[in-house]
Amino acid sequence: MKTGKILLVLTVFAAGLFASCKKNDSTTTYASFSGSARILGNLPKFVRAGDTFTLKTTGISRSDGGDYGIYWYNSIYSDHRDTTKKIGQAEPYDFEFEVPDTMSTISVRCVYFASGYYTSTASVNAVIVGPRSLKGQSFVPSQGFVDRRDDKVYHFTKAGGLDWMAENLAYSEKGGVYFDSPVMETVLGRYYTWTDAQNACPEGWRLPTEADWDALCGDGKGVVKDLISKAEFNYKPMWDYWPVVGDASLKHGFEALPAGYATFDGTKYSFPDESELAVFWTGDEADAKQGVYKYLHEKNPDLMTGRGDKDSFAASVRCVR
């Protein structure tokens with residue numbers, strides 16, 4: 001998933017001090033605040049429309065102890081500003097806002113200002129995810145089933161002599177979500193280590209073996225076009241596969257998305273900045289420390305096989321029965 005194409009990866013940043021003022025003439029000079037503006041809070045990189053978040057700003061003061069003002073606004077409703085006068089102390093100031101119902105990137109900004117001073121600004125970005133964000137999956141031919149552990153509904157397709165899940169598993173008792181953004185669980189599923197994946201499938205389902213993949217894809221040559229989905233995220237294609245994206249006949253009904261992979265340090269899941277591949281665990285192990293996974297890359301027509309550490313490499317899961 002390329003940053004420029006579907007905006008699935010955003011860099012959260014805090015801008016430094018900069019000048020943003022009107023000068024009466026070329027000789028006008030202004031003072032600078034002490035410190036650097038920062039935004040604190042729990043804004044994930046991907047947010048759900050309608051959710052409410054509280055952010056704080058801190059880091060700025062005036063060396064003379066004088067007053068300053070702060071205003072907040074977001075890039076969707078930039079003309080709606082929240083302004084509060086504050087005493088010149090570097091204390092956090094709360095700002096609560098509701099994520100607007102749109103499919104785009106939102107930038108939330110705070111601005112410190114005072115007469116005779118350059119302004120100081122900080123901002124954070126997030127991608128807004130709504131019910132219409134993920135489009136283009138046909139799930140034909142497919143059926144549905146309910147995971148009774150959490151009542152999540154999944155599509156599955158019949159191929160290679162087995163029922164294959166047509167969506168990534170999202171069982172939340174195990175694994176992690178994309179960039180710690182809970183809303184992305186409904187888009188990309190969850191990421192599991194090989195160890196956790198062994199017991200993650202619903203009752204009656206299991207991890208596919210390499211033999212199951214062989215039954216589905218044969219030798220794997222040229223099959224990627226039959227496995228990847230024509231899905232779009234916020235109106236942008238998720239794959240950029242060079243010969244063709246998706247097979248018109250939906251031969252396998254697999255609907256793979258470029259969810260990529262994660263690394264796990266025992267407490268936190270980390271993700272590459274860009275993903276051009278889909279990675280799925282098998283139930284097989286390469287040795288005592290490594291499990292076997294299958295993966296698709298958007299610029300390679302063949303299904304490939306890799307090995308990953310059982311407890312530090314995390315990938316998607318598709319279950320079979």
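Biologist: What makes the link between the side chains of N168 and R318 a polar contact?

Modeller: The distance is 2.7 Å, and the term covers a pair of N or O atoms within 3.5 Å; within protein, one must be able to donate a hydrogen and the other to accept it, and residues adjacent in sequence count only if both atoms are side-chain atoms. The N168 and R318 side chains therefore qualify. Before going on, a caveat: this is a predicted model, where local features need pLDDT of at least 70, side-chain atom pairs count only at pLDDT 80 or more, and totals for chains, interfaces and linings use all residues. Residues are numbered from 1 along each chain as its sequence is written, and side-chain values use heavy atoms, with hydrogens and water left out.

Biologist: Which other side chain makes a polar contact with that of N168?

Modeller: That of S316, at 3.4 Å. N168 itself lies in the loop between β12 and α2 (185-188); helices (H or I, at least four residues) and strands (E, at least two) are DSSP runs, numbered from the N terminus.

Biologist: Why is N168 called buried?

Modeller: Buried means under 20% relative accessible area, exposed over 50%, and partly exposed in between (1.4 Å probe, protein chains only). N168 has 10%, so it counts as buried. Leaving aside neighbours within four places in sequence, its contacts (heavy atoms within 4.5 Å) include Y154, L188, A259 and F280.

Biologist: Now the cysteines. What makes C201 and C319 a disulfide?

Modeller: Their sulfur atoms are 2.2 Å apart, and a disulfide is a pair of cysteine sulfur atoms within 2.5 Å, so the pair passes. By this rule the count comes to 1 disulfide. The link of C201 and C319 has -90° about the S-S bond and is left-handed. C201 sits in the loop between α3 (194-197) and α4, and C319 in the segment after β21 (313-315), so the disulfide ties together parts that are 118 residues apart in sequence. Both C201 and C319 are buried.

Biologist: Why do C110 and C217 count as buried?

Modeller: C110 is at 0% relative accessibility, which puts it in the buried class. C217, with a relative accessible area of 7%, is buried too.

Biologist: C217 is in α4. Which residues of that helix are buried?

Modeller: D212, W213, L216 and C217. Seen down the axis of α4, these fall within an arc of 115°, so they line one face of the helix; the arc is that of the directions from the helix axis to the C-beta atoms. Their cover includes β11 (152-159), β12 (162-165), α5 (224-227), β18 and β19. Just after α4, G218 takes a positive phi of about 65°.

Biologist: What makes β18 and β20 edge strands?

Modeller: Each pairs on one side only. They belong to an open sheet of 3 strands in the order β18-β19-β20, with antiparallel pairing. Neighbouring strands there are turned by 35° against each other on average, direction ignored. Helix α4 (residues 210-217) packs on this sheet, touching β18, β19 and β20, and its direction makes about 130° with that of β18. For such angles, axes are lines fitted to C-alpha atoms, for helices over the stretch in contact, and the values run from 0 to 180 degrees between N-to-C directions.

Biologist: How do you know that β19 and β20 pair?

Modeller: Two strands pair if DSSP finds at least two bridges between them. Strand β19 (residues 290-297) and β20 have 6, in the antiparallel sense, so the rule is met. V292 stands opposite R307 in β20.

Biologist: Why is β8 called largely enclosed?

Modeller: 10 of the 10 residues of β8 (residues 120-129) are buried, so the rest of the structure largely encloses this strand. S120, A122, V124, A126 and I128 point one way, while T121, S123, N125, V127 and V129 point the other way.

Biologist: What makes β2 and β7 partners of β8?

Modeller: Bridges again. β2 (residues 46-48) is joined to β8 by 3, running parallel, with V47 opposite I128. β7 (residues 105-113) has 8 bridges to β8, running antiparallel, and V111 partners T121. In the hairpin of β7 and β8, which has 6 residues between the strands, G116 takes a positive phi near 85°.
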